[in-house]
Amino acid sequence: MDALKHAIETNGTVLPGNILKVNSFLNHQIDPQLMQQIGQAFADYFQSAGITKILTVEASGIAPAVLTGLAMHLPVVFARKSKSLVVKDDVYSAEVYSYTKNTNNHIYIEKPFLDNTDRVLIIDDFLANGEATKGLIKITEAAGASVSGIGIVIEKTFQPGGTYLRDHGYNVLSLAQIASLDNQQVTFAN
């Protein structure tokens with residue numbers, strides 16, 4: 001996706017540890033026009049997959065997931081990382097390791113929002129080791145639902161997440177694939 005690649009080249013910053021900082025358009029400040037293009041790209045690709053719900057993790061996955069939901073006319077459910085006082089214990093949950101934050105998070109979705117009739121499209125901002133996506137897959141399976149596709153805004157192909165998901169039979173669309181962040185330089189794979 002050319003607009004996304006341009007945003008990464010123009011506004012992305014490579015940090016030590018193979019981290020790509022894209023907080024000027026995706027992770028802190030959001031570019032709504034770019035998110036609309038991202039949502040439409042996912043909707044176009046997955047339109048015939050029989051999807052009934054879009055699933056993501058708070059917070060950075062919400063913007064691309066909502067714009068995908070808007071384009072597909074589907075509800076968006078996001079896994080929370082912390083329980084509020086109004087949430088009961090009737091939840092599906094999984095533990096997820098965050099590469100960029102170097103912490104474990106316990107994510108959850110309340111049971112009424114996901115059931116065994118749902119065909120889920122998982123949307124996330126980044127795919128590196130695949131931990132967030134694996135956590136969402138565990139939650140989906142616990143609900144008896146099925147994963148019909150996985151949409152990733154930016155994939156680091158030099159890390160194992162994408163290979164793992166594809167080797168396990170998941171239909172993964174990554175809009176920007178990065179082959180390397182060596183020497184503080186973004187090198188695209190696609």
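This is a short tour of a predicted model, with a suggestion at each stop for what to select next.

**Stop 1: Leu-20**

Start with the positions that UniProt lists, in an unreviewed entry, under "binding site": Leu-20, Asn-27 and Lys-156. Select Leu-20 and you will find yourself in strand S2, which covers residues 19-21. Is Leu-20 buried or exposed? Its relative accessible area is 4%, and buried means under 20%, so Leu-20 counts as buried. Now show what surrounds Leu-20: among its contacts are Ile-8, Val-14, Phe-126, Ile-178 and Val-186. Look for Lys-156 as well, because this residue from the UniProt list is also one that Leu-20 touches.

**Stop 2: Asn-27**

Next, move along the chain to Asn-27, in the loop between S2 and helix H2. Here the relative accessibility is 27%, which makes Asn-27 partly exposed. Display the neighbours Val-22, Ser-60, Asp-125 and Phe-126, which Asn-27 touches. Phe-126 may look familiar, since Leu-20 touches it too. Which side chain joins that of Asn-27 in a polar contact of 2.9 Å? Zoom in on Ser-60 to find the partner.

**Stop 3: helix H2**

Carry on to H2, residues 32-46. Begin at its N-terminal end, where Asp-31 acts as a cap: one of its side-chain oxygens sits 3.1 Å from the backbone nitrogen of Gln-33. Then try your viewer's distance tool on the end C-alpha atoms of H2. They are 21 Å apart, in agreement with the 21 Å expected for 15 residues at 1.5 Å a residue.

Now colour the buried residues of H2: Leu-34, Met-35, Ile-38, Gly-39, Phe-42, Ala-43 and Phe-46. As you look at them, keep a general point in mind: an α-helix has 3.6 residues a turn, so residues three or four places apart point the same way. What covers the buried residues of H2? The cover includes helices H1 (2-11) and H3 (62-72), together with strands S7 (119-127), S8 and S9 (172-180).

**Stop 4: Ser-148**

Finish in one of those covering strands, S8. This strand runs over residues 146-156, and Ser-148 is found in it. With a relative accessibility of 13%, Ser-148 is buried. Show side chains here and look for Arg-119: its side chain makes a polar contact of 3.3 Å with the side chain of Ser-148. To complete the view, add Ala-49, Ile-51, Val-120 and Asn-171, which are also among the residues Ser-148 touches.

Key:
Residues numbered from 1 in each chain as written. Predicted model: local features only at pLDDT ≥ 70, side-chain atom pairs only at ≥ 80, totals over all residues. Heavy atoms only, no water. UniProt positions renumbered as here; feature names shortened; annotations may be inferred. Helix = DSSP H or I, 4+ residues; strand = E, 2+ residues; numbered from the N terminus. Buried < 20%, exposed > 50% of the residue type's maximum accessible area, 1.4 Å probe, protein only. Contact = heavy atoms within 4.5 Å. Polar contact = N/O pair within 3.5 Å; in protein donor to acceptor, adjacent residues only side chain to side chain. Expected span 1.5 Å × (residues − 1).
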